[in-house]
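Reader: I am new to this structure and would like a friendly tour. Could we go through it in questions and answers?

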Amino acid sequence: MAKNKIVLAYSGGLDTSVILTWLKETYDAEIITFTADIGQKEELDGLEEKAIATGASKVYIDDLRAEFAQDFIFPMFQAGALYEGQYLLGTSIARPLIAKRMIEIARLEGATAIAHGATGKGNDQVRFELTAAALAPDIQVIAPWRSEQFRAQFPGRAEMIAYAEQHGIPVQASAAKPYSMDRNLLHISFESGMLEDPWFDATADANKGMYVLTVSPEEAPNESELVELNFEKGNCTAINGESMSPLQVMETLNELGGKHGVGRVDMVENRFVGMKSRGVYETPGGTILFTAHRIMESLTMDREVMHIRDSLIPKYSAAVYNGFWFAPERLAIQALVGESQRHVTGTVRLKLYKGNVMGAGVQSPVSLYNPDIATMEADPSQAYDQNDATGFIHLNALRLKVAAGVHGTKVHGAGASLQETGV
């Protein structure tokens with residue numbers, strides 16, 4: 001009888017190399033490895049040979065960078081997603097793409113299960129498995145780190161190294177880094193190790209070597225740099241007049257932002273599984289794109305449309321962070337977002353300087369800003385009659401006056417230094 005097949009998300013490091021062999025022994029299955037190139041810049045040369053030598057029956061190494069930029073990063077930025085006011089969701093948005101491709105490979109190969117090396121404490125396990133539930137509920141998901149058998153066999157790194165040596169697994173045993181890293185086209189994240197102390201200063205001179213994508217703001221150029229971004233229907237299509245694909249946009253903005261120390265964030269966030277976690281992020285290109293997109297919207301988006309979309313940002317961001325990219329609520333919000341972006345077209349000029357991204361001009365052929373109406377001088381268009389504001393204010397004040405007549409005028413809550421006021 002043919003053996004069952006398992007598709008494993010594989011990086012070639014110690015953990016996934018050990019998991020590959022462990023899965024093969026434990027499940028008596030063929031192991032097909034999958035490695036996604038999503039811009040992590042990690043060395044992929046020799047990975048196929050390493051996987052085969054470790055016991056894989058087949059190896060997939062797929063370049064998903066263009067799909068990642070066009071179908072995941074750009075739609076998310078159209079939605080203005082920002083988790084807990086700081087995090088641009090760089091790791092979160094990559095996981096549904098990886099899981100989707102794993103499922104596609106499983107279908108192609110007739111595999112009955114997929115497997116990942118995410119731990120039982122993090123968000124990634126949820127993201128992988130919720131994607132699988134939405135796209136392929138019939139496919140089993142194996143999470144070795146949640147297996148009591150696996151944890152009993154590998155209580156620490158030393159046991160994994162010994163296992164690798166015993167089984168001839170070609171991995172380099174080295175001292176653990178003082179932090180973990182995860183990189184892709186949108187960002188790089190750092191967590192654990194020394195960063196588990198929230199009082200630890202990641203910006204100190206001694207820790208500058210941790211950062212990969214950005215120079216420190218102190219070491220950024222002393223001269224500012226102007227950059228222009230063209231938008232069409234909410235997507236950046238050109239930089240400094242040069243047309244670019246979404247992938248090229250991200251690569252170009254990462255280089256510009258990194259040069260000027262843009263996009264560093266140090267935060268304590270709330271994981272979906274219930275604990276708080278400290279993370280340090282570098283998102284140079286994403287920070288520039290996020291700022292430019294918001295400025296473009298300010299000129300071209302209707303007020304009420306913007307306010308409705310903005311009210312959904314926390315829900316949308318939580319959906320991405322928690323792994324519900326393919327859930328109906330995210331898809332429904334995305335449909336509204338797409339409608340909101342129909343007129344977000346024009347050019348934004350930004351100034352980059354020592355970690356800062358500053359607006360330096362915006363224009364659009366469909367601008368909703370009318371200087372004749374907004375002027376503090378005489379209104380040549382006579383589109384706005386200041387006398388109309390009197391009735392406008394009276395109507396909006398009516399309910400306040402009625403409530404004051406019924407309940408009195410005592411001031412409660414913050415700022416309640418005035419105990420009684422006249423109406």
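Reader: Leaving aside neighbours within four places in sequence, which residues is L253 in contact with?
Author: This is a predicted model, so what follows describes a prediction. L253 lies in helix α8, which spans residues 246–259. Setting aside neighbours up to four places along the sequence, the contacts of L253 are L229, I239, P284, G285, I288 and L289.

Reader: Is L253 buried or exposed?
Author: Buried means under 20% relative accessible area. The relative accessibility of L253 is 0%, so L253 counts as buried.

Reader: How far apart are the C-alpha atoms of L253 and L89?
Author: Along the chain, L253 and L89 are 164 residues apart. In space, the separation of their C-alpha atoms is 17 Å.

Reader: At roughly what angle do the axes of α9 and α10 cross?
Author: Helix α9 covers residues 284–300 and helix α10 covers residues 303–311. Their axes come within 10 Å of each other. The crossing is left-handed. The angle between the axes is roughly 145 degrees.

Reader: How many residues in the contact of α9 with α10 are charged?
Author: On the α9 side, the residues are H293, R294, E297 and S298, and they meet M306, R309 and D310 in α10. This contact holds one nonpolar residue and two polar ones, and the number of charged residues is four.

Reader: What is the order of the strands in the open sheet of five?
Author: The pairing in this open sheet is parallel. Its edge strands, each pairing on one side only, are β3 (58–63) and β5 (140–142). From one strand to the next, the twist averages 25 degrees. The strand order is β3-β2-β1-β4-β5.

Reader: Which residue in β2 stands opposite A9?
Author: Strand β1 (residues 5–9) and strand β2 (residues 30–37) run parallel and are joined by five bridges. The residue of β2 that stands opposite A9 is F34.

Reader: At about what angle to β2 does helix α4 run?
Author: Helix α4, made of residues 90–109, lies across β1, β2, β3 and β4. Relative to β2, helix α4 runs at about 145 degrees.

Reader: Which residue in the turn between β13 and β14 has a positive phi?
Author: Strand β13 (residues 346–353) and strand β14 (residues 356–363) pair in the antiparallel sense over six bridges. One facing pair sets T347 opposite Q363 in β14. The two strands form a hairpin with two residues between them, and the turn residue with a positive phi, of about 45 degrees, is K354.

Reader: Is T119 buried, partly exposed or exposed?
Author: UniProt, in an unreviewed entry, places a "binding site" feature at T119, N123 and D124. T119 is found in the loop between β4 (113–115) and α5 (124–135), and beyond four places in sequence T119 touches Q125 and W145. Because its relative accessible area is 42%, T119 is partly exposed.

Reader: And is D124 buried or exposed?
Author: D124 sits in helix α5. Residues up to four places away aside, D124 touches T91, R95 and A118. The cut-off for burial is under 20%. With a relative accessible area of 18%, D124 is therefore buried.

Reader: Where is Y87 placed, and is Y87 buried or exposed?
Author: The unreviewed UniProt entry also has a "binding site" feature whose positions include Y87, S92 and Y281. Y87 is placed in the loop between α3 (65–78) and α4. Apart from neighbours within four places in sequence, Y87 is in contact with L82, S92, H187, M267, Y281 and Y321. At 3% relative accessibility, Y87 counts as buried.

Reader: In which strand is Y281 found?
Author: Y281 touches Y87, and its other contacts beyond four places in sequence include H187, S189 and E269. At 6% relative accessibility, Y281 counts as buried. The strand that holds Y281, made of residues 276–282, is β12.

Reader: What is the relative accessibility of T54?
Author: T54 is found in helix α2, residues 47–54. Leaving aside neighbours within four places in sequence, T54 is in contact with Y10, S17, L20, T21, I169 and P170. T54 counts as buried because its relative accessibility is 7%.

Technical notes: Residues numbered from 1 in each chain as written. Predicted model: local features only at pLDDT ≥ 70, side-chain atom pairs only at ≥ 80, totals over all residues. Heavy atoms only, no water. Axes fitted to C-alpha atoms, helices over the stretch in contact; angles between N-to-C directions. Helix = DSSP H or I, 4+ residues; strand = E, 2+ residues; numbered from the N terminus. Left-handed = near helix turned anticlockwise from the far one by under 90°. Contact = heavy atoms within 4.5 Å. Nonpolar A, V, L, I, M, F, W, Y, C, P; charged D, E, K, R; others polar. UniProt positions renumbered as here; feature names shortened; annotations may be inferred. Buried < 20%, exposed > 50% of the residue type's maximum accessible area, 1.4 Å probe, protein only. Pairing = 2+ DSSP bridges.
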